[in-house]
Amino acid sequence: MSNTARLHLPYIAPQQAQKQVTYNAAMALLDQLVQPAVKSRTASAPPGSPAEGDTYIVGPAGSGDWSGRDGCFAAFLSGSWSFTVPAEGWLAYVLDSSELAVFAGGAWASFVTTGGAALARLGINVAADLTTRLAVKSAASRFSHDGSSHRMAIDKAGVGDTASLLFEHNFSARAEIGLTGDDAFHLKVSPDGSTWLEALGVDQASGVVSLPAGRLAFPATQNPSTDANTLDDYEEGTWTPALNFGTGSTGITYSDQRGRYTKLGNLVTAQGQISLTSKGSSTGAAQIVGLPFASLNDSMFGSCAVGFASGFTSVVGAVLAIVQPNASKISLYQSANGAAVGLTQSQFTNTSALYFTAIYMAA
């Protein structure tokens, strides 16, 4: 046997003269094949002025001194080209394309694993295993486009299986989004990685959004939108209705003075009830003040329904009420022969009571 089995390096024969020739030839081959880096693997003709040691992988349809050497290593040594036939699985770094190439199936190709037998798992700065075949430990990861778009696909085998993204704290899950147990979209959260609360669901057939927790929170300070089709607020709370005559409330006291409201977007529904123990000494037009939100300044009056009124004097019709525009008050009237006549302190007594609901648009 005159050559090594794998790299075909020449052996020095016993009693060989000029052993340095064989030794130097073996060293030249090692210089080509150990940590191989080639200038290109697409050129099919030798370059015009190669430098000593320049190495190429001969491209398709080799010509000139490279004729018939397709796929071979071609190294320029001592003024001529030296060729080496690659073996299955050899690797070389290609300088002009900044890629690692592998010789497989009789041809050179970019070294790209399919995740199969070529590379069963890949761990970048962290260990991977046969369950987590791709593992990355870094401050950030980037998936960019190759031309225009980029789509990441997460596939599952059956309807009851899961295809999702899991977000963890110290390797304990805190949130999950995706197809979890069916083909609808889910968003779930967990305080401990074992107990799960579903916050959002989207039906895959209808696109209907559901809130399994049954609640949707808005910030304490509204972030108003100019889009008429955008819901930007929901509030529930209490308010304290008060009675004024003119602009005064001197001496007015109550046995009952309560209110509650709901605000959806800028639509306010405010309920209230007041019962007097003294109407005081102020005079003028009767008004209920203290609405939880000022009304819209658009010259439109809000609607009020008085469900109960008692303890009034000289009132011949129903007690009426409207929300003034650009204000936080309700004006009170009575219906008299088809006309609305404003109420004043003179129609109230020390036992007057009103239960009412106001609906209006907030500013």
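Trainee: By class, how many nonpolar, polar and charged residues are in the lining of the largest pocket?

Mentor: The model is predicted. In it, the largest pocket has a volume of about 480 Å³. Its lining runs through Val126, Thr132, Leu134, Ala135, Val136, Lys137, Ser141, Phe143, Met152, Leu165 and Phe171. Sorted by class, these lining residues are eight nonpolar, two polar and one charged.

Trainee: Which strand gives the largest share of the lining of the largest pocket?

Mentor: Look at the run Leu134, Ala135 and Val136, which is among the lining residues. The largest share of the lining is three residues, and it comes from strand β9 (residues 134-136).

Trainee: What volume does the second largest pocket have?

Mentor: Start with its walls: Leu165, Leu166, Phe167, Glu168 and Phe171 line this pocket. They divide into four nonpolar, no polar and one charged. The volume of the second largest pocket is about 270 Å³.

Trainee: In the open sheet of four strands, what is the order?

Mentor: Take the edges. β1 (37-38) and β7 (107-110) each pair on one side only. The pairing in this sheet is mixed. The strand order is β1-β5-β6-β7.

Trainee: Which residue stands opposite Phe103 in β7?

Mentor: Phe103 falls within strand β6, residues 99-104. Four bridges join β6 and β7 in the antiparallel sense. Opposite Phe103 in β7 stands Trp108.

Trainee: Why is one side of β10 and of β14 left without a neighbour in the sheet?

Mentor: The sheet is open, with antiparallel pairing in the order β10-β11-β12-β13-β14. β10 (162-169) and β14 (209-210) stand at the edges, so one side of each lacks a neighbour. The reason is that each has a single partner strand.

Trainee: Which residue of β11 stands opposite Ser164?

Mentor: β10 and strand β11 (residues 172-180) run antiparallel, paired over eight bridges. Ser164 stands opposite Gly178.

Trainee: How many bridges join β20 to β24?

Mentor: β24 also pairs with strand β18 (residues 267-279), antiparallel, over nine bridges. There, Gln273 has Tyr355 as its bridge partner. On β20, Cys304 stands opposite Ala358 in β24. Strand β20 (residues 302-312) and β24 run antiparallel, and the number of bridges is eight.

Trainee: Over how many bridges do β17 and β18 pair?

Mentor: β17 (residues 252-264) also pairs with β15 (residues 234-239), antiparallel, over six bridges. In that pairing Glu236 stands opposite Thr262. Toward β18, Ile252 stands opposite Lys279. The β17 and β18 pairing is antiparallel, and its bridges number twelve.

Trainee: In the hairpin of β17 and β18, which residue takes a positive phi?

Mentor: The hairpin has two residues between the strands. A phi near 65° is found at Gly265.

Trainee: Is Tyr56 buried or exposed?

Mentor: Tyr56 sits in strand β2 (residues 55-57). Beyond its neighbours within four places in sequence, its contacts are Val38, Lys39, Ser40, Pro47, Trp66, Cys72, Phe73, Ala74 and Trp81. The cut-off for burial is under 20% relative accessible area. At 9%, Tyr56 is buried.

Trainee: How far apart are Tyr56 and Ala75 in space, C-alpha to C-alpha?

Mentor: In sequence, Tyr56 and Ala75 are 19 residues apart. In space, their C-alpha to C-alpha separation is 6.5 Å.

Trainee: Which residues form one aromatic cluster?

Mentor: The count of aromatic pairs comes to twelve. One of them joins Phe76 and Trp81, with 5.1 Å centre to centre and 65° between the planes, which is edge-to-face. Phe76 and Trp81 are both buried. The cluster is Tyr56, Trp66, Phe76 and Trp81.

Trainee: The pair of Tyr261 and Phe293 ties together parts that are how many residues apart in sequence?

Mentor: Tyr261 and Phe293 are edge-to-face, at 5.3 Å centre to centre and 85° between the planes. Both Tyr261 and Phe293 are buried. Tyr261 is in strand β17 and Phe293 in the loop between β19 (286-289) and β20, so the parts tied together are apart in sequence by 32 residues.

Notes: Residues numbered from 1 in each chain as written. Predicted model: local features only at pLDDT ≥ 70, side-chain atom pairs only at ≥ 80, totals over all residues. Heavy atoms only, no water. Pairing = 2+ DSSP bridges. 1 Å grid on protein atoms, 1.4 Å probe; cavity = no way out; pocket = protein on both sides within 12 Å on 5 of 7 lines; lining within 4 Å. Points joined across faces, edges and corners; volume = space filled by probe spheres on them. Nonpolar A, V, L, I, M, F, W, Y, C, P; charged D, E, K, R; others polar. Buried < 20%, exposed > 50% of the residue type's maximum accessible area, 1.4 Å probe, protein only. Contact = heavy atoms within 4.5 Å. Phe/Tyr/Trp six-rings, centres within 6.5 Å; stacked < 30°, edge-to-face > 60°.
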